[in-house]
Amino acid sequence: MLLSRSAIKLMINWTDEGVVLSARKHGESATIVTLMTRDNGRHSGLVRGGGGSRARGIYQTGNLVSAKWRARLSEHLGIYTCELLKPNAAELMSERLPLLALTSSAALVERLLPEREPYAETFFSLTALIEVLGGAGDWVPSYIKWELGLLNQLGYGLNLNECVVTGSPDSLVYISPRTGCAVSATAGAPYREKLFDLPSFFITKTANPSIRDIETGLRITGHFLARCARDADAGDLPRARARFVNRISRDSLK
């Protein structure tokens with residue numbers, strides 16, 4: 001059915017860049033695509049014909065796209081028309097662990113960020129992380145620091161500058177699972193079994209963190225991300241993150 005001129009004038013639209021977080025089939029040929037956009041936050045829209053072979057290549061998790069969104073009213077799902085800017089998914093397809101990290105980060109953003117609220121810092125940190133995943137070297141510490149950054153963007157940042165008990169910045173070796181604050185060796189000694197060890201690469205530029213620090217770091221960020229999800233009534237953390245963490249653990253045993 002053709003829209004009247006008055007209806008066309010009332011259409012709401014914007015153009016933005018976005019990272020594909022997910023694409024879910026809708027009906028016979030359409031797809032509901034969720035993007036993490038630069039200026040419009042986590043935002044979903046309907047892609048007509050999104051189930052076709054050409055479109056599937058565009059709407060792979062992690063791809064960077066130029067998106068046009070339009071709707072009759074702002075609260076409507078709306079329609080997306082997108083052009084591929086960078087095929088990040090294809091570039092990582094042959095790399096199992098980076099691909100798992102990509103799907104984990106995208107799933108966390110989709111699960112934890114409120115819909116349609118601008119989070120430009122999250123968009124830029126996600127695109128920066130994806131660049132790191134496609135590079136050489138040990139990127140796993142960068143992924144964990146990305147999760148720390150996501151916690152900060154969501155208002156759950158850890159305080160690692162000083163001991164929560166003494167106020168001193170010296171000898172910080174623990175993190176309180178209750179407050180997310182650092183604890184010094186002396187202040188934390190009586191409660192050692194109830195505290196997280198503080199991975200050194202959380203507060204220093206450690207070149208090659210040990211696998212123990214890596215696993216501890218993922219356990220810490222997972223603990224606070226799960227708290228964030230509970231507080232937001234977002235359920236459990238996405239399975240994609242668990243698959244990534246489990247793969248890290250399996251690789252460390254080889």
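Mentor: Before we start, a crossing of two helices is called left-handed if the near helix is turned anticlockwise from the far one by less than a right angle, and right-handed if clockwise. Please keep in mind that this is a predicted model.

Trainee: Is the crossing of H6 and H8 left-handed or right-handed?

Mentor: Two packed helices are described by the angle between their axes and the distance between the axes. Here the axes of helix H6 (residues 140–153) and helix H8 (residues 211–231) come within 10 Å and cross at roughly 20°. As for its hand, the crossing of H6 and H8 is left-handed.

Trainee: How is H6 oriented to H8, roughly parallel or roughly antiparallel?

Mentor: The axes of H6 and H8 cross at roughly 20°, and angles under 35 degrees count as roughly parallel, whereas those over 145 count as roughly antiparallel. The crossing angle therefore makes the orientation of H6 to H8 roughly parallel.

Trainee: How do the residues of the contact of H6 with H8 divide into nonpolar, polar and charged?

Mentor: On the H6 side, the residues that meet H8 include Val 140, Pro 141, Tyr 143, Ile 144 and Glu 147. On the H8 side, the residues that meet H6 include Ile 214, Gly 217, Thr 221 and Phe 224. Taken together, the residues of the contact divide into eleven nonpolar, two polar and one charged.

Trainee: Is Ser 44 in strand E3 buried or exposed?

Mentor: Ser 44 belongs to strand E3, which spans residues 41–47, and beyond its neighbours within four places in sequence it is in contact with residues including Ile 32, Trp 69, Leu 77, Tyr 80 and Arg 116. Its relative accessible area is 10%, and since the cut-off for burial is under 20%, Ser 44 is buried.

Trainee: With which side chain does the side chain of Ser 44 make a polar contact?

Mentor: The partner lies in strand E2 (residues 30–37) and counts as buried at 3% relative accessibility. The polar contact between the two side chains is given at 2.7 Å, and the partner of Ser 44 in it is Thr 34.

Trainee: Which other side chain makes a polar contact with the side chain of Thr 34, at 3.5 Å?

Mentor: Not counting residues up to four places away in sequence, Thr 34 touches several residues, among them Val 19, Leu 21, Ser 22, Arg 42 and Glu 110. Of these, Ser 22 is twelve residues from Thr 34 in sequence and 5.3 Å from it in space, C-alpha to C-alpha. The side chain that makes the polar contact at 3.5 Å, however, is that of Glu 110.

Definitions and conventions. Residues numbered from 1 in each chain as written. Predicted model: local features only at pLDDT ≥ 70, side-chain atom pairs only at ≥ 80, totals over all residues. Heavy atoms only, no water. Helix = DSSP H or I, 4+ residues; strand = E, 2+ residues; numbered from the N terminus. Buried < 20%, exposed > 50% of the residue type's maximum accessible area, 1.4 Å probe, protein only. Polar contact = N/O pair within 3.5 Å; in protein donor to acceptor, adjacent residues only side chain to side chain. Contact = heavy atoms within 4.5 Å. Axes fitted to C-alpha atoms, helices over the stretch in contact; angles between N-to-C directions. Parallel < 35°, antiparallel > 145°, perpendicular 65-115°, else oblique. Nonpolar A, V, L, I, M, F, W, Y, C, P; charged D, E, K, R; others polar.
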